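Work through the exercises below with the model open. Try each task before you read its solution.

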Amino acid sequence: MKRIAIVGMPNTGKSTFFNRLTGSSSRVGNWPGVTVELLGAHTILGGEAVEVVDLPGIYDLHGFSDDEQVVRSFLENNAVDQVVMILNASQLDHQLPLALQIHKLGMQPVLLVNMIDEADQLGIRIDAESLSASLNCPVVLISARNGTGMTAATDALLENMQSVTPVQPSELKAHLHADDEIVSHAELLVSQHVSSPSLLVRKMTERIDRVLLHPVLGLPLFFLAMFLVFQTVYTLGAPLQEAVAWLLELFRGWALDPLANVLPASVFGFLVNGLYDGVGTVASFVPVIILFFFLMAIVEDSGYLARAAYLTDALMARLGLDGRGFVMLLMGFGCNVPALMGTRVMRSRSLRLLSMLVIPFSLCSARLQVFIFITTALFTPKQAPYILFFMYLASFAAAFLTALVFGRRLKSDEPFVLELPPYRKPVLFQVLMRGWHEISHFLRRASTFIITGVILVWWLTHYPEGSTPGGAGTYASMMGDWMKPVLDPIGISSIMSVVLLIGFVAKEIVIGAIVAMTGLEGAALNSYMTTQMDGIQAISFMLFILLYTPCLSTLATQLGESRSWKFTGVSLAWSLGLAWVVSFCFYQGARALGY
Ligand SMILES: Nc1nc2c(ncn2[C@@H]2O[C@H](COP(=O)(O)OP(=O)(O)OP(=O)(O)O)[C@@H](O)[C@H]2O)c(=O)[nH]1
Ligand SMILES: [Mg+2]
């Protein structure tokens with residue numbers, strides 16, 4: 001099968017083109033460094049099956065960040081029949097050198113000049129035909145997002161593939177050309193084939209940035225925007241959640257409860273009170289999570305997320321991180337694992353390690369779900385969004401503190417040049433795709449973890465044989481007693497400490513575990529929660545959940561990416577220690593003040 005590789009600089013639309021060509025749903029975002037891994041897909045081109053590979057963006061072939069190495073080692077170790085290079089039409093001067101480099105290596109690329117819609121708006125004119133003649137390779141103007149030029153692009157691809165001789169990977173290294181020679185060649189090409197207005201005015205982007213990147217107002221505006229996101233999640237999400245819970249209850253009463261007459265009590269208890277209610281209660285939070293992801297996808301796809309990096313860069317630099325670290329934190333709101341992998345765009349190892357130490361404090365969707373559950377049970381609808389926002393602030397504070405503590409040991413002087421992409425109207429399809437991506441990931445994790453968790457909890461609360469279910473003498477209560485000396489001072493009851501222990505595996509288990517333990521759901525579960533904790537204890541519990549290790553997958557990713565047991569161990573110990581100390585200070589402090 002022939003293999004086509006898509007290369008280009010970051011944020012030029014490679015993944016958008018890849019998705020259009022192959023019908024895949026590779027992640028797209030208006031921010032350089034979205035793709036950090038190889039992604040392959042099969043498709044039919046001109047009646048022939050081909051493999052298309054979407055690569056991370058690279059600035060040049062000498063690059064030495066981990067994601068650039070992914071690209072280089074891919075090109076060095078795999079035969080590629082056709083290289084497709086994607087360029088941003090409004091930045092040809094900046095992007096042609098990479099194309100020339102690739103061309104001179106003998107790869108005979110097809111150049112797709114993308115985002116032609118934006119270039120048009122800016123008044124940039126590109127003469128594709130004459131550029132193609134001087135370069136001696138096909139050049140097609142496209143808009144991967146709108147689909148313009150796609151037929152011409154695939155035609156050019158097919159035609160070119162007939163004539164190219166695949167590059168032998170081993171020859172690559174010997175042929176890298178000197179950079180200055182290439183840069184002057186690129187300048188010449190741009191002057192000959194591109195006409196642009198003397199002054200590029202990105203009117204809309206500039207006007208918006210004058211407000212959103214305001215030196216004083218910028219950051220408060222950003223936090224205000226984030227607060228609005230949470231407020232919306234709450235006001236729209238809570239009724240949705242109740243509706244799903246109501247439907248599940250209805251189904252239970254109508255179809256499942258009659259089974260109680262047929263099945264032995266213990267089997268019914270396990271299947272319906274444990275599994276169905278456990279999974280159902282978690283499922284009722286799915287609409288909230290969906291809503292959250294859609295809003296975040298809009299923030300990301302519009303280009304505002306990249307602005308967050310700009311706004312926080314100075315602050316983050318003081319902590320030994322840079323603006324990208326902040327964006328990774330925001331990415332971690334979905335799931336910490338891809339955010340950890342996103343640090344591959346960083347070149348300096350110490351900067352990467354520091355970012356990877358900080359990211360697990362980012363409040364991921366599994367923790368969000370626990371917090372919504374607890375705030376709904378223990379606080380009024382008016383208080384709840386504020387408590388939730390406080391948790392996000394605590395998450396940032398923990399991240400900053402970590403950077404402050406470890407920044408001195410993990411020093412780096414990697415220069416960070418931030419490229420701000422223009423604002424782009426979020427494309428509904430992309431936002432939906434992105435949301436769907438996150439949700440299916442969440443559901444996959446949730447379903448496996450909940451089922452394992454529910455079975456485990458069921459066993460812990462019903463055995464050894466002969467003990468009263470959920471009462472003293474069960475394994476669960478033994479575990480609770482065992483952890484009492486540690487968790488009592490932070491206000492966590494022995495039942496909830498068993499939940500915390502199980503939650504170490506993944507936070508998706510937490511709610512399901514509570515349901516399985518108590519055999520309660522809905523309003524009864526909420527009122528049970530008020531017997532387990534008051535407001536202060538609830539916040540202490542949530543702080544602990546926020547700060548201690550998010551899940552085993554995070555640990556495994558930290559280990560895999562850092563290739564260091566010591567680093568992973570330090571991260572584990574730090575997060576456990578911090579969780580305890582913060583909860584302790586909060587709980588004892590609040591009690592001392594008489595709350
Ligand atoms: N206006 C316009 N925007 C586009 C076009 N193609 C892609 N985009 C947008 O450009 C941004 C980047 O697209 P991606 O496909 O993620 O870019 P990428 O090259 O894969 O980026 P990395 O993986 O970070 O290297 C997204 O916001 C896309 O919606 C286009 O033809 N026109
Ligand atoms: Mg990409």
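**Exercise 1. Sort the shell around ligand 1 by residue class, then place the ligand relative to the domains.**

Solution. This is a predicted model.

Step 1. Split the shell by class. Eight of its residues are nonpolar, 14 are polar and six are charged.

Step 2. List the shell. Ligand 1 is surrounded by 28 residues. The closest are Gly13, Ser15, Asn30, Thr35 and Gly57.

Step 3. Assign elements. Helix H1 (14-22) and helix H4 (116-121) are the elements that give two or more residues to this shell. H1 supplies the largest share, three residues.

Step 4. Place the ligand. Domain 1 (2-195) and domain 2 (219-410 + 420-592) both contribute residues to the shell around ligand 1, so the shell lies between them.

**Exercise 2. Describe how the two domains meet.**

Solution.

Step 1. Take the bounds. The domain assignment gives domain 1 as 2-195 and domain 2 as 219-410 + 420-592.

Step 2. Compare centres. Over C-alpha atoms, the centres of domain 1 and domain 2 are 40 Å apart.

Step 3. Count the contact. Domain 1 puts in 15 residues and domain 2 puts in 21 residues.

Step 4. Classify one side. Where domain 1 touches domain 2, its side has four nonpolar, six polar and five charged residues.

**Exercise 3. Locate the nonpolar cores.**

Solution.

Step 1. Recall the general trend. In soluble globular proteins, nonpolar side chains tend to be buried together.

Step 2. Find the largest core. The largest nonpolar core holds 113 residues. Those with the most contacts inside this core are Leu354, Val358, Ala513, Met542, Phe544 and Leu547.

Step 3. Find its main contributor. Helix H18 (residues 428-462) gives the largest share, 10 residues.

Step 4. Place this core. Both domain 1 (2-195) and domain 2 (219-410 + 420-592) give residues to this core, so the core lies between them.

Step 5. Look for another. A second, separate core has 49 residues, including Leu75, Ile116, Leu131 and Ala144.

Step 6. Zoom in on Leu547. Beyond its neighbours within four places in sequence, Leu547 is in contact with Phe361, Ala398, Ser575, Leu578, Ala579 and Val582.

**Exercise 4. Check the span of helix H3 and find what covers it.**

Solution.

Step 1. Check the span. H3 (residues 92-104) has 13 residues. From first C-alpha to last, H3 reaches 17 Å, close to the 18 Å expected at 1.5 Å a residue.

Step 2. Find buried positions. Among them are Leu92, Leu96, Ala99 and His103.

Step 3. Name the cover. The cover over the buried residues of H3 includes strand E1 (2-8), helix H5 (128-135) and helix H7 (179-193).

Step 4. Look past the end. Glycine 106 follows H3, with a positive phi near 85°.

Technical notes. Residues numbered from 1 in each chain as written. Chains lettered and ligands numbered in written order. Predicted model: local features only at pLDDT ≥ 70, side-chain atom pairs only at ≥ 80, totals over all residues. Core = buried A, V, L, I, M, F, W, Y, C linked by C-beta atoms within 7 Å. Buried ≥ 20, exposed ≤ 12 C-beta atoms within 10 Å, placed from the backbone. Helix = DSSP H or I, 4+ residues; strand = E, 2+ residues; numbered from the N terminus. Domains from an automatic or database assignment. Contact = placed C-beta atoms within 7 Å. Near = placed C-beta within 6 Å. Nonpolar A, V, L, I, M, F, W, Y, C, P; charged D, E, K, R; others polar. Expected span 1.5 Å × (residues − 1).
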